[in-house]
Amino acid sequence: MIQNVFYFLTFLTLISACMVVFSRNPVYSVLFLILTFFSISGHYILLNAQFLAAVNIIVYAGAIMVLFLFVIMFLNLNKETETQKSNISKFAAVIAGGLLMVVMVAALKDVDAGTYTEAGFNSQIGMVQNLGMVLFKNYLLPFELASVLFLVAMAGAVMLGKKETGERHF
């Protein structure tokens with residue numbers, strides 16, 4: 001049963017990821033990317049990593065993809081305003097993609113993926129409780145520093161986005 005769900009999610013992920021690349025309409029591309037993120041979250045759930053699945057849905061599918069969709073709709077992209085690309089730039093893109101594939105194959109050809117051992121398997125490793133224990137015991141200082149960094153970034157964004165008026169209040 002689990003294998004059938006895995007194969008279905010894998011098929012859905014691959015098809016929707018290909019449709020992201022091959023779709024001519026950018027809005028459809030974003031919608032297929034959202035479907036890809038949801039199917040990847042299904043894989044995370046099968047791996048017993050519920051926190052990762054929830055974060056993937058909330059952050060990527062929820063926030064970033066909605067932002068992408070808003071920007072694409074705001075730009076109002078259509079074929080009349082799109083610049084035509086020359087054949088040289090298309091050829092350069094194919095060469096760059098091929099070189100990237102060669103580098104990836106060369107880098108991953110000797111990778112040892114490891115094997116499953118029943119003695120070293122922990123089914124509770126991806127649970128939220130265990131992640132929280134590791135995060136707040138071993139990585140408390142980096143976690144708190146990241147929260148301060150986010151607070152400063154948020155204050156900076158508010159200050160940059162604040163409308164300038166003629167008078168200043170101190």
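Helices here are DSSP runs of H or I with at least four residues, numbered from the N terminus. I keep that in mind for every helix label below. The model I am reading is predicted.

**Entry 1: the nonpolar patch**

I started on the surface. I found a nonpolar patch of about 630 Å², made by M1, I2, V5, F6, Y7 and L46. I then asked which helix gives the largest share of the patch. Helix α1, residues 2-22, gives four residues, the largest share.

Next I took the patch members M1 and L46 one by one. M1 sits in the segment before α1. I noted its relative accessibility as 75%, so M1 counts as exposed. L46 belongs to helix α2. Its relative accessibility is 30%, so I logged L46 as partly exposed. The cut-offs matter for that call: buried is under 20%, exposed is over 50%, and partly exposed lies in between.

**Entry 2: the nonpolar core**

I turned to the inside. The largest nonpolar core has seven residues. I listed V30, I34, F37, A61, M65, L69 and I72. Which elements give two or more residues to this core? They are α2 (26-46) and α3 (50-75). Helix α3 supplies four residues, the largest share of the core.

I picked A61 from the core for a contact check. I left aside neighbours within four places in sequence. A61 is then in contact with I34, F37, F38, N56 and V66. Of these, I34 and F37 are also on the core list.

**Entry 3: S29**

I looked up S29, which lies in helix α2. Is S29 buried or exposed? S29 has a relative accessible area of 14%, so it is buried. The limit for buried is under 20%. With neighbours within four places in sequence left aside, S29 is in contact with M19, V20 and S23. I noted that M19 and V20 fall in the range of helix α1, residues 2-22.

**Entry 4: F51**

F51 is a residue of helix α3. At 35% relative accessibility, F51 counts as partly exposed. I asked what F51 touches, not counting residues up to four places away in sequence. The answer is G126, V128 and L131. I checked these against the domain bounds. The domain assignment gives domain 1 as 1-78 and domain 2 as 127-161. F51 therefore falls within domain 1, while V128 and L131 fall within domain 2.

**Entry 5: distances**

I wanted some separations next. The centres of domain 1 and domain 2, taken over C-alpha atoms, are 26 Å apart. For single residues I used C-alpha to C-alpha values. M1 and N138 are 37 Å apart in space and 137 residues apart in sequence. F51 and E118 are 23 Å apart in space, with their places 67 residues apart in sequence.

**Entry 6: the salt bridge**

I closed with charge pairs. Side chains of opposite charge can pair when their charged atoms come close. How many salt bridges does the rule count? The count comes to one salt bridge. Its partners are the side chains of D110 and K109, at 3.9 Å, N to O. The rule asks for a nitrogen within 4 Å of a carboxyl oxygen.

I checked the accessibility of each partner. D110 has 66% relative accessibility, so it counts as exposed. K109 has 60% relative accessibility, so K109 counts as exposed too.

Notes
Residues numbered from 1 in each chain as written. Predicted model: local features only at pLDDT ≥ 70, side-chain atom pairs only at ≥ 80, totals over all residues. Heavy atoms only, no water. Core = buried A, V, L, I, M, F, W, Y, C linked by side-chain atoms within 4.5 Å. Buried < 20%, exposed > 50% of the residue type's maximum accessible area, 1.4 Å probe, protein only. Contact = heavy atoms within 4.5 Å. Patch = residues over 30% accessible without salt bridge, like charges linked within 9 Å, V, L, I, M, F, W, Y side chains within 5 Å. Areas by Shrake-Rupley, 256 points an atom, 1.4 Å probe, with all protein chains shown as cover.
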